[in-house]
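Q: I would like a close look at one part of this model. Please start with the whole and then narrow down.

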Amino acid sequence: MKDKKIIKVDANSINNYCQYKLWNHDAEFFGLKDGMEIIAYDGEDVWEATVCYNPSADYYEKWGIELGKTIQVLTDEEVKWMWVGYENGESTGKWFKEVEVAEKLIDFGMEIKDIQKIVSLHEDHLYRIKYIKLIEKFEEKVISDGGKFKPSYLNAALSEHPILAKCNDKALCTFLDYVSKAESDDGSAWFLCASDYGIAYKAPDDINGFSWNEFEKISLASAESDDEKENIKKWWERHLPVAMSVKGEYTFLAIDLDTGNIVQGYEPDFENTEIVAGNFEELLKMIISGEFTWK
């Protein structure tokens, strides 16, 4: 789905082969090829679709779109109400249809930039819908593994934290808003939440004795020179810890604020890391699928 194009088609343009007609200039503009899998949107419905090319057809009939599975069906009236939501000062509730459409398209795997062509929701709202659904699956995984999970709706003030303010990973930002606890059954592995960074109240029973920058402190305490300390500080300025484990040897996961990669470091040389995921979203998916486990 990631590479699929979304094409707006005319609902009234049916060619001689009972396919939605696509003009040659549209096919050229979108770089379409015969057999290409795309998403078709006709103003009411959203479909999986396949591009068809018939070289023997008349000039204006060569390109067509064969419709497949319906992703979401809307009527013109519903589309209008999605954008209005109120009638005579009273909420119609129909605005939420737009959220439902967005959820279905996200489940289908459509990119946010393409969903924005269909619904009027702000980009940040769409990302929040996307990542809360992902975090809910992560919650199910944590609980099924016997771990502890507590949701939260903080709207955390990340900009007030010196290092969190540098983070542009939307999945992580949503996670910090939504989650107040995510840890293993014995508490030996846990994800850092807003309270760990000091931007929300931390209850006494949530205190595990580790600060969010605990491993930086350990490295600095063992440094043998001022130069080594300076290098350690510089390294941690661009690496934000997001999870920790003391199951065996001390280890952590951090987001590289320059590249977005998730890296894992181990004692005693915490700053010697390896990449485990391309971003926080990918990390959550790896945990949900069981592809990532603490070493």
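What share of the 295 residues of the protein counts as buried? After that, go to helix α7: which of its residues are buried, and what do they pack against?

A: First, a caution: this is a predicted model. Of its 295 residues, 46% count as buried. The protein has nine helices and 14 strands. Its exposed surface comes to about 15,600 Å², and carbon and sulfur atoms supply 47% of that. Take the contacts with a sequence separation of 6 or more: 53% of them join residues 24 or more positions apart.

Now the helix. α7 covers residues 214–222, and its buried residues are Glu214, Phe215, Glu216 and Ser219. An α-helix has 3.6 residues a turn, so residues three or four places apart point the same way. The buried residues of α7 pack against three elements: α8 (226–237), β11 and β12 (251–256).

Take α8 to begin with. Two packed helices are described by the angle between their axes and the distance between the axes. Here the axes of α7 and α8 come within 9 Å. They cross at roughly 165 degrees. An angle over 145 degrees counts as roughly antiparallel, and α7 and α8 are therefore roughly antiparallel to each other. The crossing is right-handed. On the α7 side, the residues that meet α8 are Phe215, Glu216, Ser219 and Leu220. Their counterparts in α8 are Lys229, Ile232, Lys233 and Trp236. Phe215, Glu216 and Ser219 are also among the buried residues of α7.

Next, β11. This strand runs over residues 239–245, and Ser245 lies in it. Is Ser245 buried or exposed? Its relative accessible area is 0%, so Ser245 is buried. A polar atom of the Ser245 side chain lies 3.2 Å from the backbone nitrogen of Lys247. Leave out residues up to four places away in sequence, and Ser245 touches Ser188, Ala189, Tyr250, Thr251 and Trp294.

Last, β12. Asp256 is found in this strand. Buried means under 20% relative accessible area. Asp256 has 7%, and therefore counts as buried. Beyond residues up to four places away in sequence, Asp256 touches Arg238, His239 and Asn261.

To pull this together: α7 sets its buried residues against one helix, α8, and two strands, β11 and β12. The α7–α8 crossing is right-handed. In the strands, Ser245 of β11 is buried, and Asp256 of β12 counts as buried too.

Key. Residues are numbered from 1 along each chain as its sequence is written. This is a predicted model: local features need pLDDT of at least 70, side-chain atom pairs count only at pLDDT 80 or more; totals for chains, interfaces and linings use all residues. Side-chain values use heavy atoms; hydrogens and water are left out. Helices (H or I, at least four residues) and strands (E, at least two) are DSSP runs, numbered from the N terminus. Buried means under 20% relative accessible area, exposed over 50%, partly exposed in between (1.4 Å probe, protein chains only). A polar contact is a pair of N or O atoms within 3.5 Å; within protein, one must be able to donate a hydrogen and the other to accept it, and residues adjacent in sequence count only if both atoms are side-chain atoms. Contact means heavy atoms within 4.5 Å. Accessible areas come from the Shrake-Rupley method with a 1.4 Å probe; for residues, only the protein chains shown count as cover. Axes are lines fitted to C-alpha atoms, for helices over the stretch in contact, and angles run from 0 to 180 degrees between N-to-C directions. Angles under 35 degrees count as roughly parallel, over 145 as roughly antiparallel, 65 to 115 as roughly perpendicular and the rest as oblique. A crossing is left-handed if the near helix is turned anticlockwise from the far one by less than a right angle, and right-handed if clockwise.
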